[in-house]
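Trainee: Could we go through this model together, taking the accessibility terms before the ligand and the backbone?

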Amino acid sequence: MRILSLRLIVALVLGVTLASFASSWYQVQAEKDALRLDLQRKAETFTESLAGISEYHLQSGDRAGLSKIIERFGDRDHVAGIGVYDTSFFPLIQTPGLRSLIDSAPAAFSTALRENSPQSENVRLHLTRLYLFVVPLHAVNGSVAGGLIVAYDTGYIRTIIFHVWSRAFVHIAGQVLIIVAITLLIVRWSLAGPIAKTAQWIKVLRSGRRSGQPPLKDLDFLQPLAEEVLPLAESARRAHAAAEMEARLRNSRESIWTPDRLADHVRTKLQGNGLFVISNREPYVHNRQNGSISVTVPASGLVTAIDPVLCACNGTWIAQGSGNADRETVDAHDRLQVPPDDHKYTLRRVWITEEEENGFYYGFANEGLWPLCHMAHVRPIFRVSDWEYYQKINARFADALAEEVSAESSPVVLIQDYHFALLPRMIKERVPHARVAIFWHIPWPNPDAFSICPWQQDLLDGLLGADLIGFHIQAHCNNFMSTIDRVLEARVDWDHFSVKRKGHWSAVRPFPISVDLVQGEFERNGDSATEEREKLFAELGFDGSFLGVGVDRLDYTKGIIERFLAVESFLERHPRYQGKFSFVQIGAPSRSHIPQYAEFQNAVEREAHRINARFGRGKQTPIVLLNRHHNREEVQRYYRAAHLCMVTSLHDGMNLVSKEFVAARQDEHGVLILSRFTGAARDLQDALLVNPYNIEGTADAIARSLEMNATEAQDRMRRMRKATAERNIYWWAASLIGDLCDMRLDRS
Ligand code: ADQ
């Protein structure tokens with residue numbers, strides 16, 4: 001920085017000095033010319049009037065009178081001397097000053113007499129610079145009889161010019177000083193300071209901690225560099241986190257899954273075969289906004305887990321194109337390479353019209369299968385038209401897959417979720433040599449509940465096309481096997497949890513999904529829970545002491561109203577918390593096209609208003625409803641700040657919010673209240689498990705959370721974090737893909 005400052009200063013000083021010198025030089029020249037002209041005019045006027053007087057006195061022979069006049073004018077401003085000479089330059093009258101300077105006729109004198117006209121000349125005589133003005137003098141008959149010389153000492157012009165130069169030097173010195181000071185300040189404020197901050201940021205990165213965005217506010221000229229450094233920093237941070245984790249693994253002799261380990265594992269298992277993932281939602285969405293196309297990655301555990309796998313094995317992800325610029329970004333075969341800035345695998349988009357989506361997605365999947373599989377006392381609606389769309393779209397994805405695998409000898413296919421129950425069979429019909437698994441993210445109900453579906457046999461037959469069928473927990477596997485036993489003609493092997501139908505075996509296994517605790521995504525970002533809480537309260541604009549949080553899609557299965565009723569009951573039964581406890585519900589509107597969802601969202605708001613009207617105190621309200629999608633970091637702040645997190649689903653396949661809360665609590669504080677009807681309740685035994693229908697029981701759990709002694713809370717959180725780290729999202733993907741690849745397909 002010192003050398004840069006020095007170079008800047010030297011360059012600026014040289015530049016400014018040269019420019020100032022040039023401009024001063026022109027000024028001085030102009031000043032000099034003006035002074036000379038002035039002297040010329042004065043000399044001309046004076047000498048010519050004196051010549052008239054001299055002629056008169058010479059012609060009348062009055063030399064004494066002339067001598068007096070000349071003596072009198074001899075010491076006028078800057079006059080060095082006056083002399084009257086005859087034609088042979090013999091001095092008739094001469095002031096003493098001139099006598100010592102001139103001893104021979106100057107050129108101007110001879111010319112003036114020869115040409116009979118006034119002449120001037122600049123001469124240097126005996127180290128004195130003189131300006132001579134010569135006028136010829138005439139005799140009575142008009143002939144030239146001599147000449148009058150007035151000599152001016154031009155030294156005063158040099159003195160004036162010297163002063164002008166001195167002033168210019170002072171100005172230049174002043175300017176240089178100011179420029180040096182400003183340069184130093186600019187370097188310090190705009191470069192040295194921000195660069196020091198950036199260096200500090202890089203230092204934090206090097207240490208492997210998460211350091212947020214670089215301090216680029218004042219360094220926009222470094223933006224291109226930052227754009228290159230950020231991904232580099234991110235990979236360095238990941239590598240650091242992975243190395244740390246490996247070290248911890250060695251210490252604890254545990255085996256924690258990282259993205260790298262998962263990628264390596266899957267590559268080995270695939271043995272060069274292609275991996276194909278099918279889901280309804282795509283991992284990269286292109287949207288056109290304000291004339292330009294931007295790409296977003298949906299916040300989803302599935303993308304977090306599957307993206308590194310596909311990157312490692314150059315696979316293909318087939319999904320519905322849902323962004324408004326998705327069609328513009330694919331090639332003629334509806335494919336594009338992703339991730340956008342580092343092409344590693346293919347995304348194949350499948351197009352679905354609005355009408356088809358209403359039937360397939362909103363209709364059959366979400367008004368039929370979703371309530372069918374969740375025991376939330378909402379009646380499923382089964383429309384023939386929706387069922388037809390469901391079959392049609394499943395077939396469209398099967399065709400797309402068949403196209404994608406045409407060159408593969410043994411493709412491995414991973415299907416996601418209840419939108420594609422028919423797809424495994426359809427794929428096996430088109431590509432018999434494919435290995436196919438489907439993972440069902442929602443619960444599987446008991447056979448009686450499932451039997452109300454008019455197309456239950458078709459759905460089960462479709463699923464049994466898969467070689468592997470995955471659920472979150474064993475209980476869902478059991479329900480599925482019982483349903484098959486009841487509904488289909490198939491051999492159900494309870495010993496090996498397998499089903500044989502149409503000569504083909506399907507294995508049924510639990511794979512509890514989880515979150516990413518390795519990556520450090522959930523690492524703390526500096527502030528303690530208390531500081532974060534105070535900031536959040538200030539942002540929300542109210543006072544509060546205790547904070548609870550809930551994060552859900554606004555879905556009737558999530559038990560949000562039951563949760564509010566529990567908060568109400570808690571405040572009723574523990575009045576000392578009135579005005580002190582606030583529950584923030586982050587609720588993303590979801591599937592609002594469906595009437596039950598729209599009604600449910602209104603009911604949630606009504607309940608919040610009613611309870612707030614009852615227990616609101618001044619600026620404090622017991623329930624804060626934030627009805628919008630929050631980004632990951634916003635949600636993390638609430639997780640980190642809350643005294644407790646409430647997950648009160650009436651029924652839930654797994655529930656990732658509970659695991660995200662645990663992952664976020666690096667400080668090992670905070671209590672999780674968890675519905676026993678979630679899959680997560682099996683993994684997170686140290687949560688306070690509640691029955692969400694038992695409002696008073698849940699209210700007691702809130703009180704217990706707030707009053708739990710710190711050691712117990714910490715022990716519980718520590719154990720939950722250990723369980724979540726050991727069975728993280730990478731473990732989930734590794735188990736699912738590993739089991740699929742290891743299966744014997746020729747079992748008879
Ligand atoms: P979901 O029913 O969507 O998933 P869940 O597992 O809780 O339920 O996951 C929801 C995700 O959305 C979480 O990552 C959460 O952070 C996020 N989210 C919720 N509300 C949000 C908001 N307002 N703003 C931002 N993010 C929000 C289905 C099954 C679950 C199963 C998962 C994964 O129903 O049982 O756990 O799939 O298999």
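Mentor: Let us begin with a term: a residue is buried under 20% relative accessible area, exposed over 50%, and partly exposed in between. Please keep in mind throughout that this is a predicted model.

Trainee: Is Asn 116 buried, exposed or partly exposed?

Mentor: Asn 116 sits in the loop between α4 (107–115) and β3 (119–125), and its phi is near 55°, a positive value in a residue other than glycine. Its relative accessible area is 40%, and because the intermediate class lies between 20% and 50%, Asn 116 is partly exposed.

Trainee: Which class does Phe 497 fall into, buried or exposed?

Mentor: Phe 497 belongs to the loop between β15 (491–493) and β16 (498–501), and although it is not a glycine it has a positive phi of about 45°. Most residues other than glycine have a negative phi. With a relative accessible area of 18%, which is to be set against the limit of 20%, Phe 497 is buried.

Trainee: Where is the peptide bond that is cis, and what is its omega?

Mentor: Most peptide bonds are trans. The proline concerned, Pro 339, is found in the loop between β10 (335–338) and β11 (345–350). The cis bond runs from Val 338 to Pro 339, with omega near -10°.

Trainee: Turning to the ligand, how many residues surround it?

Mentor: The closest residues of the shell are His 441, Asp 652, Met 654, Leu 656 and Glu 660. By class, the shell consists of 10 nonpolar, seven polar and six charged residues. The number of residues that surround the ligand is 23.

Trainee: Between which domains does the ligand lie?

Mentor: Among the secondary-structure elements, β18 (546–553), β19 (581–588), α18 (632–641) and α19 (656–664) each supply at least two residues of the shell around the ligand. At the level of domains, residues of the shell come from two of them, so the ligand lies between domain 3 (260–352 + 397–514) and domain 4 (528–726).

Trainee: Which residue has a polar side-chain atom 2.4 Å from an oxygen atom of the ligand, and what percentage of the ligand's area does the protein bury?

Mentor: Two contacts involve the backbone: an N or O atom of Asp 552 lies 3.2 Å from a nitrogen atom of the ligand, and one of Asn 655 lies 2.9 Å from an oxygen atom of the ligand. The side-chain contact, at 2.4 Å from a ligand oxygen, belongs to Glu 660. Taken alone the ligand exposes 710 Å², and the part of that which the protein buries is 87%.

Trainee: Which backbone oxygen lies 3.2 Å from a polar atom of the side chain of Arg 665?

Mentor: Arg 665 lies in the loop between α19 and β22 (671–675). At 1% relative accessibility, it counts as buried. The backbone oxygen that lies 3.2 Å from a polar atom of its side chain is that of Arg 640.

Trainee: Is the ring pair of Phe 570 and Tyr 577 stacked, edge-to-face or tilted?

Mentor: The count of aromatic pairs comes to 36. In the pair you mention, the ring centres are 5.1 Å apart and the planes stand at 35°. Phe 570 and Tyr 577 are both buried. Planes under 30 degrees apart would count as stacked and over 60 as edge-to-face, so the pair is tilted.

Trainee: Which residues form one aromatic cluster?

Mentor: The cluster is built from phenylalanine, tryptophan and tyrosine residues. Listed in order of number, its members are Phe 360, Phe 364, Phe 382, Trp 387, Tyr 390, Phe 397, Phe 420 and Trp 455.

Trainee: How far apart in space are Glu 404 and Thr 346?

Mentor: Glu 404 lies in helix α10 (residues 384–404), and at 12% relative accessibility it counts as buried. Glu 404 and Thr 346 are 58 residues apart in sequence, while their C-alpha to C-alpha separation is 9.9 Å.

Trainee: What separates the C-alpha atoms of Gln 59 and Asn 141?

Mentor: Gln 59 is found in helix α1 (residues 2–59) and is partly exposed, with a relative accessible area of 38%. Gln 59 and Asn 141 are 82 residues apart along the chain, and their C-alpha atoms are separated by 9.7 Å.

Methods. Residues numbered from 1 in each chain as written. Predicted model: local features only at pLDDT ≥ 70, side-chain atom pairs only at ≥ 80, totals over all residues. Heavy atoms only, no water. Near = heavy atom within 4 Å. Polar contact = N/O pair within 3.5 Å; in protein donor to acceptor, adjacent residues only side chain to side chain. Areas by Shrake-Rupley, 256 points an atom, 1.4 Å probe, with all protein chains shown as cover. Helix = DSSP H or I, 4+ residues; strand = E, 2+ residues; numbered from the N terminus. Nonpolar A, V, L, I, M, F, W, Y, C, P; charged D, E, K, R; others polar. Domains from an automatic or database assignment. Phe/Tyr/Trp six-rings, centres within 6.5 Å; stacked < 30°, edge-to-face > 60°. Buried < 20%, exposed > 50% of the residue type's maximum accessible area, 1.4 Å probe, protein only.
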